[in-house]
Every structure is written in C-alpha cells, then in structure tokens.
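Trainee: I would like to go through this model region by region. Can we take it as short questions, with the reasoning each time?

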Amino acid sequence: LIAGVLMAEDLKKGLFSILKIRPRTDSALLFMYVGAFLQNISAFFTTLKPESEFHLITGAVVVLSVPVLIAKIFYFDSTRQCFKAVAAASDKKYLRKVSDTSLIASLLKDNSNTETNVVYAGKTRFISGFLKRGAAAAFSGQASSRITALTFLLSLIAGITGLIITKSPVYALGCLTATAALSFPVSCLVFTGYKLKTENSALSVKSSYVQTYADAHVFCCVDDIIVDGHDILSAEIVSSACNKNVSPKQAEFCAAALTNKADGILKDAFAGFASGYQDKFPEVENLVFEDKLGFSAWISDCRILLGTKDFLVSHNVELPKEHTIPFVLDDNSKPLFLAIEGHFAAVFTVRYSENPSAAKSLCELAKNGTNILISIKDPNITEEFGEKLLGLPEHSLRIIKSSTNENFLSAKNTVTDSEETGIVFADSFETFSRTMASAIKLDKTKSVSKLLTEAVGVAGAVFGVILSIAGTKTGLNS
C-alpha cells in the first residue's frame, strides 16, 4: 500500500495511457501492481490447503519499486540541471525551424520540397512550458505500446494457464503478476535516467541542456541544419607570391582590407597582414561576392579582385604560367589570386582546417540523413571540398548562396519573446556542438535501451509463460 502511494502519480499515468489504448512503461507498472493487489485480496478470501505453498508476489513488486524510484530521482535531478541552465543565461539559443516556404526553396535550391524540416540556431528571451516538458521526461516512454501490449497478453496467458493447472485464483494471479514483473524493464529505467542526468549535469555548466529523450530524437531527425562556416572552419595564409611590379605590402594590405569588409574566415586569415592597422583601412566600396568564384570591390578608386583562377580569367586578367608561381598546395590548401586594376598582383596559399568537435557532431547528423547547410563567403569552399575537410558523407553538404544568405540573416537575427523547446544552448558554437553531441549520444542510448527493454520484456514474459505451463509453482513463487 505504501509503495502504491509513492508510485500513485505513475500509476495514474499508466491508467490514462491504457484508456487511450497506448500502453507504455507506466502501464506495465500499473498492471503489475493491480496483479499483486488482486492476489492479496484473493489470498485473503481463499481457504488454502495446509500442504499448499502459494507465496505472494507483493514482495517482489515492492522490491521492483525501489529501482523505479531511483530512476525517478535521476529524471528529477536531470530536470533540476536543466532549470539551472535556463536560469543562468539571459538570451537563450534554441533550434528554430524555418517556416518561410520561399526561403526553404531558396536554401535547398528546390521549389518542390518546401515541407522539409530546416532548422538553425535562433535566440529567445524566455523558455515556456518548461515544467510540462520536464514532467514528460519520466520513464513512461521507455517501452513501445506494441511490446507492452504483448507482455500484457503473455501475462494473461500465464495467469490463465496457472488457473487451469491449479484451479487456484491465488496461484493464477501469482503467475500473472510474476510474469509481468519478469518483463518489467527496471534496469533500463535506471540506466536511461542516469544517462540523461549525467549529460545534463555536464551541459548545465555551459548553460545548455537536452531536456528529454524525445527532444534528442527530434533533433536527430531534422532534415537540414544551417550552420555558420565561421564556426566550423578556419583559414590561415601559409605562403604568398607577388608580381614583381607590385609591392608585397600593397598586395597584402589590399587583400586584408577587402576580406575585413567581407567578414568570415578569410578576414581572420588575412588579419595578420594588417595587425594594428585595421583602423586605417581605406573605404571598400561596391563589394560583391560571386559564389564559388570571388570578391570584387573598389578600394581608393582601384578595382580589386580576389578569388579563384577562373574568377580572374573571367574578368580578363592575364595570369602568369603556373610553374612560375611559387606557391605550395597540400590536400587542405587552395590558392587565392589577387588582381589590381585588371592586372595580376599576388597569389596566396590558404590552408583550411575544421573544428574537430563540430565536425564530429555534424558527421553523426549527416550519417543520420541530415543535410548540412553552410553559410560562408569563401570562393574556395565548395560542397566537395567542405565534405572532405569535415569528413562528411558525399552529397550531405550544401553551400548557401550569398543572395539567399542575405535574406536568411534577418530571420536569424530575430530574438523572440518566448519559445517552447527542449534543447537550449548558450551563445557560442562550442556549446552548440557539445549539445549536438549530447543529443546524438542520448538518442543512441534510447535506441539501445529500447531494444534491450523490448528483448528483456518479451524474454521475461515468455519465461513466465513457460514456467506456468510447466506448473513449477516454486519457480514462480520464490
């Protein structure tokens, strides 16, 4: 009775899930408790023969309640850690879905697939529905409705078999309750609760969290995710060569001024050429970026081009023969050519590298079928080169067109008043990457746990039925 009072909330949820014909783990808990209760009532009103040894299953049910309570404590502590994360940050970042169908079509370069789930990191001031979502973090969804219904059926078969063999309702209810207890996923409940608590304990330090396993699964099922190239890739200049008629300092300063205006990873790469002189950059006018080709702009009344070889050739710039340009390339390096007033000025070797933790998380998402959309202004970064740098599967990366990116920025920079969401992270890509990794890990944990829960549940129920058919009273009641 005391155990029933302690588990009253979960037993009530179990009843509602049965009434909705969606039995889950809390339904199995209710079934087990009802069986034990009915066996006690039956034993009280039934006169047993002195030589009979029918033991009650109540003790086993009460013992099973202890790890269930431990699992609940883990889930509650996980919610507490989530609350700490919510309270710590002012503006919170969350996964915001792109709702504008025309923007989706532009992002995906496909007008026929506007119902896809495209998300990005958006900002909000308040997280609503936190307590309601936290209550859903309980263990109720750790087993599927089909498996729970199957174990119910097998438990009933065990009970009916016991009744036929012994003609005793006490023994029959013992068979039913014992089979239900054998199929109850108690170890998996503790394991999943502990894993959720552990992940959120680590994430809360960074003002981030993944509130429930359902939230982790939803995140892993997104179709497309938009990330800023600056957050996952970096670049550095490793060598350069100039036209003999151009001063190296002039070439470097022009490239630094142009990329400073353009922003992105190339800004950081060229910043070293103008260290301490950024405030003395001349005005950069009419800056244009042509996707996968390069930049064009006017600096001090001079036409400046910076981009790929094909870009300069398309602007009728005559380039020196390749063997006369002393730059060195490796697998992660690409050249950038500079032209001033229609004449070749310099070539820079740019070496690219990835953010390891971000690359790992994005790779896991890509393997799950998520497309990675990168917002980046760098003519060298193509889909093929980006996939190679990040270690992504083929055809999983798309570069967002610069014109589309301009339309997307207004939506991205919007801060909403409140959002109901179960995944929150602080305003840095490091925490976003860490939260992605945790969501992926929790989704895998849930998948493994669900498989084990279903396997153990069916095996336990079948074992109970076999014992009932064999008529081994002692095996069932000890």
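Mentor: Helices and strands here are DSSP runs, numbered from the N terminus; a helix has at least four residues and a strand at least two. Keep in mind that this is a predicted model.

Trainee: Between which two elements is the loop that holds Ser208?
Mentor: Two runs flank this loop. One is helix H9, residues 186–204, and the other is strand E3, residues 209–210. Ser208 therefore sits in the loop between H9 and E3.

Trainee: Is Ser208 buried or exposed?
Mentor: The cut-off for buried is under 20% relative accessible area. Ser208 has a value of 1%, so Ser208 is buried.

Trainee: Which residues is Ser208 in contact with, and which backbone oxygen lies 3.1 Å from a polar atom of its side chain?
Mentor: Set aside neighbours within four places in sequence. The contacts of Ser208 are then Ala85, Leu203, Val424, Phe425, Ala426, Thr431 and Thr435. The backbone oxygen at 3.1 Å from the polar side-chain atom is that of Lys206.

Trainee: How are the buried residues of helix H10 placed around its axis?
Mentor: H10 covers residues 213–220, and Tyr213, Asp215, Ala216, Phe219 and Cys220 are buried there. They lie on the same side of H10, because the arc they cover around the axis is only 160 degrees.

Trainee: Which residue caps the N-terminal end of H10?
Mentor: Look for a side-chain oxygen by the backbone nitrogen of Ala214. One lies 3.3 Å away. The capping residue is Thr212.

Trainee: Which helix gives the largest share of the largest nonpolar core?
Mentor: That core has 71 residues; Phe219, Ile225, Ile232, Phe270, Leu338, Tyr352 and Ile374 touch the most other members. The largest share is 7 residues, and it comes from helix H12, residues 248–262.

Trainee: How many residues are in the other core?
Mentor: That core lies apart from the one just described. Among its members are Ala28, Phe31, Phe152 and Leu189. Its count is 16 residues.

Trainee: Which residues does Phe270 touch?
Mentor: Residues up to four places away in sequence are not counted. The list is then Ile237, Ala255, Ala256, Thr259, Leu336 and Phe348.

Trainee: What distance separates the end C-alpha atoms of helix H8, and how many of its residues are buried?
Mentor: H8 has 14 residues, 169–182. At 1.5 Å a residue the expected span is 20 Å, which agrees with the end C-alpha atoms being 20 Å apart. The helix is mostly covered, with 12 of its 14 residues buried.

Trainee: How many salt bridges does the whole structure hold, and how far apart in sequence are the parts tied by Lys197 and Asp77?
Mentor: A search of the whole structure gives 11 salt bridges. In one of them, the side chains of Lys197 and Asp77 meet at 3.9 Å, N to O. Lys197 is in helix H9 and Asp77 in helix H4, residues 58–88, so the parts tied together are 120 residues apart.

Trainee: Of Lys197 and Asp77, which one counts as buried?
Mentor: Buried needs a value under 20%. Lys197, at 21%, is partly exposed. At 17%, the buried one is Asp77.

Trainee: How far apart in sequence are Arg125 and Asp417?
Mentor: Their side chains meet in a salt bridge of 2.9 Å, N to O. Arg125 is in the loop between strand E2 and helix H6, and Asp417 in the loop between strands E13 and E14; the separation is 292 residues.

Trainee: Is Asp417 buried or exposed?
Mentor: Exposed requires over 50%. Its partner Arg125, at 42%, is partly exposed. Asp417 reaches 58% and counts as exposed.

Trainee: Which residue forms a salt bridge with Glu383?
Mentor: The closest N and O atoms are 2.7 Å apart. Glu383 counts as buried at 12% relative accessibility. Its partner, partly exposed at 34%, is Lys292.

Trainee: With which side chains does Asp330 make polar contacts?
Mentor: Asp330 is in the loop between helix H14 and strand E9. One contact, at 2.7 Å, is with Ser333. The other, at 3.0 Å, is with Arg351.

How values were computed
Residues numbered from 1 in each chain as written. Predicted model: local features only at pLDDT ≥ 70, side-chain atom pairs only at ≥ 80, totals over all residues. Heavy atoms only, no water. Buried < 20%, exposed > 50% of the residue type's maximum accessible area, 1.4 Å probe, protein only. Polar contact = N/O pair within 3.5 Å; in protein donor to acceptor, adjacent residues only side chain to side chain. Contact = heavy atoms within 4.5 Å. Arc of directions from axis to C-beta. Core = buried A, V, L, I, M, F, W, Y, C linked by side-chain atoms within 4.5 Å. Expected span 1.5 Å × (residues − 1). Salt bridge = Lys/Arg side-chain N within 4 Å of Asp/Glu carboxyl O.
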